[in-house]
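Let's take a walk through this structure together, starting at one helix and working inward. Keep the 3D view open as you read.

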Amino acid sequence: MPSYTPTQKSAIQQFTGFTHTKESVAAKQLKNHNWNIEQAIDAYFQSNNTSKDASSSISTLTKLFDTYRDNPKDEPDTIGVEGSMRYLQDLGLSLEEPVVLAILTELAAPTMGELTRSGFIDGWKRLR
């Protein structure tokens, strides 16, 4: 990896953790968006919004969902409160921010802090 500041390295790690892309893709997206992780991730998913990439984005969203599940064995299609908190914090959000409620609503959270696989994947696909 080229020489990056600790903040930039952290942003690259967050981006790759969220999108499951290579570090080079993360660095390019982040550079193009002045190292703003939220804008870079949004642009990454927006740029991959073509029919041929639909199965790829579903696969990426599925992998992302699986990363945050609290109890994969007993509840394979649910992210619990702990996983939801980690997910939102990895997005760079404070749990007190009103946007958290909007995200949970868009992802069809059945209860506060719980996400289902279908709500998560369908919600992010719908927001593209």
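Keep in mind that this is a predicted model. A good place to begin is helix α1, which covers residues 6–19. Its 14 residues, at 1.5 Å a residue, should span 20 Å, and the end C-alpha atoms are indeed 20 Å apart, so expectation and model agree.

Which residues of α1 are buried? They are Q8, A11, I12, F15, T16, F18 and T19. Looking down the axis of α1, you will see these buried residues fall within an arc of 165°, so they line one face of the helix. The spacing makes sense, because an α-helix has 3.6 residues a turn and residues three or four places apart therefore point the same way. Turn to the face of α1 that points away from the buried side, and you meet the exposed residues P6 and Q13. Just past the end of α1, H20 adopts a positive phi of about 60°.

Now for the rings. Searching the whole structure turns up eight aromatic pairs. In one of them, F15 and Y44 have ring centres 5.7 Å apart and planes at 75°; an angle over 60 degrees counts as edge-to-face, so that is how this pair is classed. Since F15 sits in helix α1 and Y44 in helix α3 (residues 37–47), the pair ties together parts that are 29 residues apart in sequence. Both F15 and Y44 are buried. Y44 also pairs with F45: their ring centres are 5.2 Å apart and their planes meet at 70°, so this pair is edge-to-face too. For Y44 the relative accessible area is 13%, and for F45 it is 13%; buried means under 20%, so Y44 and F45 both qualify. Step back, and ring pairs link F15, F18, Y44, F45, F65, Y68, Y87 and F120 into a cluster.

What surrounds these rings? In soluble globular proteins, nonpolar side chains tend to be buried together. Here, the largest nonpolar core has 29 residues, and those with the most contacts inside it are F15, F18, L30, Y87, L88, L91 and F120. At least two residues of this core come from each of α1, α2 (23–32), α3, α4 (54–68), α5 (81–90), α6 (98–106) and α7 (117–126). Helix α3 gives the most, with five residues.

Finish at F120. Setting aside neighbours within four places in sequence, F120 is in contact with L61, L64, F65, Y87, L107 and L115.

Methods:
Residues are numbered from 1 along each chain as its sequence is written. This is a predicted model: local features need pLDDT of at least 70, side-chain atom pairs count only at pLDDT 80 or more; totals for chains, interfaces and linings use all residues. Side-chain values use heavy atoms; hydrogens and water are left out. Helices (H or I, at least four residues) and strands (E, at least two) are DSSP runs, numbered from the N terminus. The expected span of a helix is 1.5 Å times one less than its number of residues. Buried means under 20% relative accessible area, exposed over 50%, partly exposed in between (1.4 Å probe, protein chains only). The arc is that of the directions from the helix axis to the C-beta atoms. Rings of Phe, Tyr and Trp (its six-membered ring) pair if their centres lie within 6.5 Å; planes under 30 degrees apart count as stacked, over 60 as edge-to-face and the rest as tilted. A nonpolar core is a set of buried Ala, Val, Leu, Ile, Met, Phe, Trp, Tyr and Cys residues joined through side-chain atoms within 4.5 Å. Contact means heavy atoms within 4.5 Å.
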